[in-house]
Each structure stands twice: as C-alpha cells, then as structure tokens.
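User: Please take a close look at a single part of the structure shown below, and then set that part in its surroundings.

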Amino acid sequence: MTALDLSSAVAVVGTGTMGQGIAQVALVAGHPVRLYDALPGRAREAADAIGARLDRLVAKDRLTGAERDAARARLLPAEGLAELADCALVVEAALERLDVKQELFRELEDIVGDDCLLATNTSSLSVTAIGGALRNPGRFVGLHFFNPAPLLPLVEVVSGFATDVTYATRAYETARAWGKTPVACADTPGFIVNRIARPFYAEAFAVLEAQGADPATIDAVLRESGGFRMGAFELTDLIGQDVNESVTHSVWQSFFQDVRFTPSLAQRRLVESGRLGRKSGHGWYDYSGADGAAERPEPHTAEQAPPPAYVVAEGDLGPASDLLALIREAGIQVREEEEDHGTRLVLPGGGQLALADGQTSVEFRDVVYFDLALDYRRATRIALSASQDTSSTTLTEATGLFQALGKKVSVIGDVPGMIVARTVARIVDLAHDAVAKGVATEEDIDTAMRLGVNYPLGPFEWSRRLGRNWAYALLDDLHLRDPSGRYAPSLALYRHAYASDKREGSTS
C-alpha cells in the first residue's frame, strides 16, 4: 500500500504545539488539512498560528508566496468531528489520557470512511490499548512525531497488536512522502527512543545520587568526552523535569516496575520543589537571569600537573587503543609489553591507569580509571576516577598524562563504570534486548537514536566500534557490585557477546 495521494484530506485532532506542527507538515507536503479541537475557537486560533509560521517560512525563502497562499487555502478549521468525514487520515494529538483517546476514536469510527487511516501521536500510552476500543483496530497505528514536528525528521510508526500491516505500510510511506524519516516499531513502552534513551538520564542521576560528581561536571563529561550534544541535566531542564520524569515513570510502570527503568529520587525531589527547568526559571540549573540563560557552575577541572616521562602499556587497550598514538605524539615514551592484563597503563610511580570496566578503584591497589570517549583524539575532556586509597602520585601522573594530550581533566568519585562508559553500555544493552524482542530492527534503532535524540552514534554503531564483549563485560562487573538487577546484562547481550563472528546458529 502506497502513501496517501496529495488530494486526500488529512485531519488533525488536538491543536496544541504537536497538533499544529503535524498539521503544518501535512499542509506543506500538499494535502488539504482539517483542524479540530474540542475547545470552541481553538481550531481557528491554531489555523491563524500556522498561517503566521508559513509567513515566516516565506521570509526565510523556504516557501514562495504562491506556495504559502495555496497552503492557506487548503487549511480549514472544523467546528465538529462530522466535518472530518471525507478525510483519508486522522491524526490525534489530544490529551494524554487513555479514556479520552478511546472515546475520540470510537466517535471517529462512526464518522469517517471504512478505509480511513486512524493514527495517534501518543508518546506514552499503548497504541494497542487505544485501538482496542475500535471495531476495526487493524487500521489504527501510532504516528509519533518529535517536537518541533516541522523541523525534526524522525517519525516512529508504531504497530499495535491488531494493526494490519497494510495500514502500517501506508502510514510509513505517507510519513516518508512528507519528507520525514520513518522507523517501524512494535507497540512497546516508550517505543524506540523513549525506551532506549532512559539510561542516558538514569545513569547521570545515579552518579549524582552517589555523590560521584555534580551536574555541571557530569554534563561536561557527557558532551566533551562522550560526544553527546547535551548533558543529561541540561537536556532534562530543556525538556521539563516533570515531562521527563513522567515519561520515565510511564515506561517503568508499563514494564511492571522493571528495575532497569526505575525513576530517580533526585529528580522526584526536584519536581516536588517546583524546579521544572527552563520553563519555571530553575531546574538543575538557574535560569532566572534576564536573558533566561543558565547560570551553571563550572565543571570540576583539575589543576595543571606535570606529565609522566613514560608509560608502560600492558595488554590490549581495546576501545582506548588510540591513546597510544596520542601519547607518543605528545612526546611521552610508550613501552609496550605483551601481557594479558586487560586494558591498562602502568605509570612511572607504579600505579595503574585503566579504562572504566565496571570495577571500583578501592578494589585494587593504586589504580585510576579513565572514562570512555567517543573519539579520544577529538575529546576535549576526560574523567578520572580514584578512591581514597589511590596515591596522590598516581592521580597526579594520570592527570598530567591526559593534560599533555590537550584534555581537560575532571576527577570524579570512585564510581564503577564512571559516566560515559556505564551510560553507553546500558544503551547498547537495551538496544540488543529490543531487537531480540521484535521491537525494531538494528538499522531503525540506530536511525531513531541519532535523529530522535541526536546521539553521536546509534547503539549498534557503538557496539561494533567497542567490540563484541565490551558492554557485556562492563555490565556484568557492575551487576556483581550492584545485584539489584539494574545492571544485569540481557540475554540478548549475553548471546551477542559470546557468539562467534559468523551468523548465530552456525555449528562451525
């Protein structure tokens, strides 16, 4: 089944920010668009607001005046649902309440034609549960746009338990015809993005709750070492702490309070205090200034330290192997020894420097851990973790080494898995688990995470770069130290870690 013909009318029910954005997308693509809202006068106001945005597109040379005028002529507010009778697609963007959505679609089913595609833009409710109220749930799908809908390319096309594949395909192809990048997804809590993104927030909050580092330092490490566009604290301030916590709570409850998705007590306290982020003037950071800019403290950055004269590389540095070339380029001698001791460097004072692996510094004599980086050459900051038993000489030499490579250094507490490493490992694990459970393909998950939340790499791209066993080994170490189940690797990740490089199921 192909995309809707441009002559087919599209209706949007609910004219808030998302509804207006979806209507604008369909309108600019060339469809006649009907707007309906249960509140009298709201559809007309929304039509005027969309018209103003079309004017701005003309001012920016993204639309011609003729295209704007034609689009305005195709946009009609509706006074009642009966005016949507001839529409080929109805997209609902109304209140996030199951009973409200079910009642709406029951009414629509009696109004629209038998072949009309019905869709919800819900981000937190079950598509299956909403469609379960219909006589014909086969034509019901989720079309989850991301805000702002006219700008962000991703659309999650969600098939409920009873969705007919022909209607899911029509929705997918229509989204693509509108210039969006659709990904196909089964009806699972959080769909793709909101399911797999939970560790990005959860692990940052966990480090804070463990007093491993402050928000500004954690955010700086995620950006400047992990390659994420924003840190978890600044991003949740932008989203709204209440909104972000609500999504987390919904996913957690929908998975029967699975410990992997447990909400943060620190975030709960922030919401209870009314500090909701930018929109309230204060969240993790203070936005009360005249320009609304965040007044955040500077991240912890270590004072300058002398570099070591040499390092001894024992074993394979794995994901951090690029460091050896950088160390040599900085004029520091590298002595390599063929020892099977894992990922570590030995410093002149006898202390060790090791890539974060889920263990703690206090377990070993005189070791400093360093965090994972997306690209050690391009990273501008590296986090180090030390315990109270780590010698000052070892910490100074480790700090001086990374500073000699042109990196700022943030020393955090003795946090197993540190910041970037534990976050990436958990994202990779949830992605493998999602594929194994039929939620989406590897390709669609990578696309969704890059376009939906601007990750520098998709989880499977990261998994391939880090090596087959890396995420599993780190999470297994973390699980030994926190046996709550939060870090227990999934069966899918276990199978991936121990499978041969040949296709799984091969007997050779």
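Analyst: Helices (H or I, at least four residues) and strands (E, at least two) are DSSP runs, numbered from the N terminus. The model is predicted, so local features need pLDDT of at least 70 and side-chain atom pairs pLDDT 80 or more, while totals for chains, interfaces and linings use all residues. Residues are numbered from 1 along each chain as its sequence is written, and side-chain values use heavy atoms, without hydrogens and water.

The part chosen is helix α8, which spans residues 198-209. Helix α10 (residues 232-239) packs against α8 at an angle of about 120 degrees, and the two axes are 9 Å apart (axes are lines fitted to C-alpha atoms, for helices over the stretch in contact, and angles run from 0 to 180 degrees between N-to-C directions). This angle makes α8 oblique to α10 (under 35 degrees is roughly parallel, over 145 roughly antiparallel, 65 to 115 roughly perpendicular, the rest oblique). The crossing of α8 and α10 is left-handed (the near helix is turned anticlockwise from the far one by less than a right angle; clockwise is right-handed). On the α8 side, F200, Y201, A204, F205 and L208 make the contact, and on the α10 side A232, F233, L235, T236 and I239 do so (contact means heavy atoms within 4.5 Å). These residues comprise 9 nonpolar, 1 polar and no charged (Ala, Val, Leu, Ile, Met, Phe, Trp, Tyr, Cys and Pro are nonpolar, Asp, Glu, Lys and Arg charged, the others, Gly among them, polar).

A further partner of α8 is helix α15, residues 420-436. The axes of α8 and α15 come within 9 Å and cross at roughly 145 degrees, and this crossing is right-handed. From α8, the residues P199, F200, A202, E203, A206 and V207 take part, and they meet R422, T423, R426, I427 and L430 of α15. By class, the contact of α8 with α15 holds 7 nonpolar, 1 polar and 3 charged residues.

The surroundings extend from α10 to helix α9. The axes of α9 and α10 come within 7 Å and cross at roughly 100 degrees; the two helices are therefore roughly perpendicular to each other. In α9, P215, I218, D219, L222 and R223 meet A232, F233 and E234 of α10. That contact counts 5 nonpolar, no polar and 3 charged residues.

Helix α9 (residues 215-224) also leads to a sheet: α9 lies across β14 (381-385) and β15, at about 125 degrees to β14. Both strands belong to an open sheet of 7 strands with mixed pairing, in the order β10-β9-β11-β12-β13-β14-β15 (two strands pair if DSSP finds at least two bridges between them). β10 (333-337) and β15 (408-412) stand at the edges with a single partner strand each, so one side of each has no neighbour in the sheet. Neighbouring strands are turned against each other by 30 degrees on average, direction ignored. Within this order, β9 (residues 310-314) and β11 (residues 344-346) run antiparallel and are joined by 3 bridges; V312 has V346 of β11 as its bridge partner.

Two details of the backbone complete the account. The peptide bond from N147 to P148 is cis, with omega near 0 degrees, and P148 is placed in the loop between β6 (140-145) and β7. D61, although not a glycine, has a positive phi of about 60 degrees; D61 lies in the loop between α2 (42-59) and α3 (65-74).
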